[in-house]
Amino acid sequence: MSVDTNTVKRIAGLARIAISDEDAARLAPELDNILGWIEQLGEVDTAGVEPTAAVVPNATRLRDDVINADPLTGGGIRDLLMANAPEAEHGFFTVPKVIE
Amino acid sequence: MADLTDLGVAAIRDGVRVGAFSAREVADAFIVNVSRAKQLNAFLVETPEHAIAAANAADAARAAGETLKPLAGVPIGMKDLFCTRGVPTTAASHILEGFTPPYESTVSQNLWDAGAGMLGKLNMDQFAMGSSNETSYFGNVLSPWRRSDGGNAPLAPGGSSGGSSAAVSARLCPGATGTDTGGSIRQPAAFTGISGIKPTYGRCSRWGTIAFASSLDQAGPMARDVRDCAILLEAMAGFDPKDATSLHLDVPAWEHGLSNSMAGKRVGVPKEYRVEGMPEEIEALWQSGIDWLRDAGAEIVEVSLPHTKYALPAYYIIAPAEASSNLARYDGVRYGLRDLPEGAGLQDMYAATRADGFGAEVKRRIMIGTYVLSAGFYDAYYTQAQKIRTLIARDFERAWEQCDVLLAPTAPSAAFALGEKSADPIAMYLNDVFTVPSSLAGLPAMSVPGGLDKAGLPLGLQIIGKPLDEQGVLNAGLAIEERAGFTARPESWW
């Protein structure tokens, strides 16, 4: 399989990264080369092998069902959460118009 | 008095305890070294006030006759991947420029709770993606080492924890934090003649550490010797309810458990790590490591890890796949950079922000990750890679039937010159050929300096251990350290 310029543009679109025609043309052979190198994995017989889900066995924990168990990850910290927003107004994150 | 910046973590801790010098004197000495080393570009942010406050607290505690905390008086460097409250944290990216975390990562908080102070935030490869520290938005870190041929070619300090490795080896701090996703603690440690350990996955909390590939990311210390690594790791590790993959286990007393005897231990030498084209000097160093461990009482056995050659390509599916998902959060809305072209809609804003904010290597990996996870390719790439990961972990499990630790080189070469490999992504990725397999299996692994190559550059030996057996790894590291007698250090030119 080979990665062409159109594929690069499609992938960049999925990844929400703006890309120029020149950059797409430059990246196509580069990604093709990397993916070609990765393709050797196809030669490994993995029939009956379970894909890794967790690298170290670990049981999922439940925490006590209490509100605001950790003040930093609980609620009531709106201003703190928004302190780093590039543009926030009246306690809301702002974005450009979404609906036409 | 000897130069305080020549002292490591243990010596500083012990000296402050007995009053041989004050914590403040130590902090001041390192602050001066940091301020004089701008050329190395190891620090992104300097925080002398943090180091001084911790030092003053240690001195006050001692004056009041209190028991000192485990790291009282020890100033350290903090990789910029760890969020630090009130101190800008960017992961060396443009997209997080101006981000000041309102919270503290668990690992850094653990270190402050243990009495350590922070000299500053350390430069790194952008989002920890790189093996030479050449992907930082804020410029390359220069290794303090130079080749002995008299040439002044600036060398890579390794990556992604390149600011950490440069700072420790240049005596800008006695120890530093690193993070290791596929070798980012061990390879830079090897390149700069210092030690570094990646613990078992889950030992150190990932909470507040900027995510790259969550199933692989693990924090660990980098310092001048094995004992210092043990001390720092004890402070960094520990169960954290805020990280779902954190291991609910007590932290062993690794420093207390240090032993240089390998009697009764079996050391495995994986034959698949003897790769084609391996430089003779690496081969010779590996043999020295074998001899040293045998001298320490170990039995040496050859073992086979048959899927080794597939580890790197599997890693370059799994890590970018996870990265493409983790880095989706940088959207120009909640924090960091926003690039809003005139008249742009929401989707255009996302795309413009991310195009502007991510560096070339980060974009490359996000694109690879997006590709391998996209409809129609998911099974062929991602599922297949995760199956191979199972086989790699199984290789290690079988090896543990024959041995207690594994010994291998850390990296396939000594430090290379900046720019030497940056044009060829795969050549750069191959740097991690010996470190990636243990990352995929979540195993503890460490690099210790073994010697110098012909050009006078450090070479590292790697010890890989069973899950949760950091002690076995540290002890083998200590046995090598004592026999290697590595005392070389870069001469100051900066």
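In the predicted model, Asn475(B) sits in helix H15 of chain B, which spans residues 470-484. Asn475(B) counts as buried because 26 other C-beta atoms lie within 10 Å, against a threshold of 20 or more. Beyond its neighbours within four places in sequence, Asn475(B) contacts Leu258(B), Ser259(B) and Asn260(B). One of these pairs spans a long stretch of chain: Asn475(B) and Leu258(B) are separated by 217 residues in sequence. In space, their C-alpha atoms are 5.7 Å apart.

The largest nonpolar core holds 172 residues. Within this core, Leu293(B) and Ile317(B) touch the most other members. Helix H9 of chain B, residues 308-326, provides the largest share of the core, with eleven residues. Contacts of Ile317(B) were examined without its neighbours within four places in sequence. On chain B, its partners are Val372(B), Tyr381(B), Tyr382(B) and Ala385(B). Ile317(B) also contacts Ile38(A), a residue of chain A.

The contact between chains A and B was considered next. Chain B contributes 57 residues and chain A contributes 41 residues. Five helices of chain B each supply at least two residues of the side that touches chain A: H9, H10 (346-357), H11 (360-373), H12 (378-399) and H13 (425-429). H12(B) gives the most, with ten residues. By residue class, the side of chain B that touches chain A comprises 35 nonpolar, 15 polar and seven charged residues.

Definitions and conventions
Residues numbered from 1 in each chain as written. Chains lettered and ligands numbered in written order. Predicted model: local features only at pLDDT ≥ 70, side-chain atom pairs only at ≥ 80, totals over all residues. Core = buried A, V, L, I, M, F, W, Y, C linked by C-beta atoms within 7 Å. Buried ≥ 20, exposed ≤ 12 C-beta atoms within 10 Å, placed from the backbone. Helix = DSSP H or I, 4+ residues; strand = E, 2+ residues; numbered from the N terminus. Contact = placed C-beta atoms within 7 Å. Nonpolar A, V, L, I, M, F, W, Y, C, P; charged D, E, K, R; others polar.
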